[in-house]
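Visitor: Could you walk me through the pockets here, and tell me how each label is earned?

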Amino acid sequence: MQVPILKQGGVLIATIQAALSDADLLELRTALVQQVVRYRSSGVIVDVTAMDVMDSFASRTLLEISHMIRLRGAATVIVGIQPEVAFAMVQLGLTLEDIPTALDLEEGLAYLQQKARSIN
Amino acid sequence: MPADTQILIASDRDVVAARQQGRAVALRAGFSMSEATLIATAISELARNIVSYANQGSVTLRPVHRSNGAIGLTIVASDSGPGIADVTLALRDGYSSSGGLGLGLPGVRRLMDEFDIVSRAGSGTTVTVTKWLP
Ligand SMILES: Nc1ncnc2c1ncn2[C@@H]1O[C@H](COP(=O)(O)OP(=O)(O)O)[C@@H](O)[C@H]1O
Ligand SMILES: [Mg+2]
């Protein structure tokens, strides 16, 4: 199950389209970091709308993605966490710590644009 | 009562299959989408522990009902792996022997209504959890 990664200006958009196995998540991590380096992207959006559950492995992998991408000077935003998925995450005891989240793609892009403006 | 469903767990693909079947069984039993997601998340954690620590095992989905009319879903995650030497420690938030988040077992306990674990070093682990329809 490969996750398509779209390049839109300086931003990479990874849209998860189905339930991902642990191996799929690790593949996504590798692919995103490689592409951030290749395209010198300033931001990454991971759209998790289609994710069935966000368990501890998925959360840890998203945290790792965000940390690795930050080391390249870029920002990561997670968009589309479904309300019932968020509810289960809270009960499990998971937080995405310092990764910014947004409701949808549009809000995620707006967040990254604002961030880019505040730096320049 | 519908029959049990047993899913063999031996790879990360099976973890996804188990939680998807768990969600379907939960919805059929009358749980809401939100409750079914809690159940699927718990199954994901238990099945992953089987793959990570015991290599293989099984997850059984068992619709249950009580004489008082309560309807629920019991999940039994069982393996014949190395077992857990210190169960109290393993149930502590943040404890992991593998660099994980250590939220699997304590988190599943919070997600479900009933939680039972039987494990001994050298003789495998069985975690039995139940969620009741509200
Ligand atoms: N089925 C199992 N067999 C052997 N050890 C297990 C099993 N499940 C859990 N454990 C032990 O309990 C610890 C805590 O598990 P868990 O709460 O899921 O956190 P994590 O998987 O992130 O380490 C694990 O690190 C492992 O040492
Ligand atoms: Mg675990």
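Visitor: What makes α2, β4 (75-79) and α4 (105-119) of chain A stand out in the lining of the second largest pocket?
Guide: In this predicted model, each of those three elements supplies at least two residues of that lining. Within the group, α4(A) gives the most, with 7 residues.

Visitor: Why are A:S42, A:G43, A:A75, A:L112 and A:K115 called lining residues?
Guide: A lining residue has an atom within 4 Å of a pocket point. The second largest pocket has 20 such residues, and these five lie nearest its centre. Its volume is about 360 Å³.

Visitor: How do you know which class each lining residue of that pocket belongs to?
Guide: Residue type decides, and Gly counts as polar. On that basis, the lining of the second largest pocket has 9 nonpolar, 8 polar and 3 charged residues.

Visitor: And what is the volume of the largest pocket?
Guide: About 750 Å³. Its lining holds 38 residues, with B:N49, B:S52, B:Y53, B:S97 and B:S98 nearest the centre. Chain A takes part through α2 (56-70), which gives two or more residues, as do α2 (33-54), β3 (71-79), α3 (87-90), α4 (104-111) and β5 (125-132) of chain B.

Visitor: Which element gives the largest share of that lining?
Guide: That is α2(B), with 9 residues.

Visitor: What is the make-up of the largest pocket's lining by class?
Guide: There are 18 nonpolar, 13 polar and 7 charged residues. Tyr counts as nonpolar and Ser as polar, so B:Y53 falls in the nonpolar class and B:S52 in the polar one.

Methods. Residues numbered from 1 in each chain as written. Chains lettered and ligands numbered in written order. Predicted model: local features only at pLDDT ≥ 70, side-chain atom pairs only at ≥ 80, totals over all residues. Heavy atoms only, no water. 1 Å grid on protein atoms, 1.4 Å probe; cavity = no way out; pocket = protein on both sides within 12 Å on 5 of 7 lines; lining within 4 Å. Points joined across faces, edges and corners; volume = space filled by probe spheres on them. Helix = DSSP H or I, 4+ residues; strand = E, 2+ residues; numbered from the N terminus.
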